[in-house]
Amino acid sequence: MKHFTDLDLLPPLAQALHEIDFHEMTPVQAASLPAVLAGRDVLAEAQTGSGKTLAYLLPILARLESKHIPHARLRAVIVTPTRELAQQIEKEVKAFSRSARGFKTAIVVGGANMGDQRSDLRAGVEIVVATPGRFIDHLQ
């Protein structure tokens, strides 16, 4: 597979890819997306800027899109080791989901106001991007 159109994606996700001008897969995406979308585990390593985020984000969004669960219910947690990476991932989630169905997201990282994060979580989100320490703080 070389193109996103080769994947059997629901129309909102296929349209979102088209709108953000993503047509051809990077090597890490071509190697991992078919396996992950088929429900298999994948471990991939690639350079910065190679498309790793979309390689795991697209299957998450595809799965969420296929399940008819009402909005504002936590359905996915993406845990990352640093605040900077969490911010980058959340930006990608928002950019992509803005074109698709508009999944509600929250970022839960240290260095940000815990009360504001708590309010976001209580308001209802579908995807949380978090660092482990702050996520544990919220769970406690």
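**Briefing: a three-stranded sheet and its surroundings**

T131 is buried (under 20% relative accessible area, with a 1.4 Å probe and protein chains only), its relative accessible area being 8%. The model is predicted: local features need pLDDT of at least 70, side-chain atom pairs count only at pLDDT 80 or more, and totals for chains, interfaces and linings use all residues. Residues are numbered from 1 along each chain as its sequence is written, and side-chain values use heavy atoms, with hydrogens and water left out.

**The sheet**
- Three strands (DSSP E runs of at least two residues, numbered from the N terminus) form an open sheet in the order β1-β3-β2, with parallel pairing.
- β1 and β2 (105–108) stand at the edges with a single partner strand each, so one side of each has no neighbour in the sheet.
- From one strand to the next, the twist averages 15°.
- Four bridges join β1 and β3 in the parallel sense (pairing requires at least two DSSP bridges).
- A76 stands opposite I127 in β3.

**Buried residues**
- T131 lies in the loop between β3 (127–130) and α6 (132–139).
- Leaving aside neighbours within four places in sequence, T131 is in contact (heavy atoms within 4.5 Å) with T80, P81, T82, R83, A86, V108, V109 and G110.
- E90 is found in helix α4 (residues 83–99), helices being DSSP H or I runs of at least four residues.
- E90 counts as buried at 12% relative accessibility.

**A partly exposed strand residue**
- V77 belongs to strand β1 (residues 76–79).
- With a relative accessible area of 37%, V77 is partly exposed (between 20% and 50%).

Technical notes:
Axes fitted to C-alpha atoms, helices over the stretch in contact; angles between N-to-C directions.
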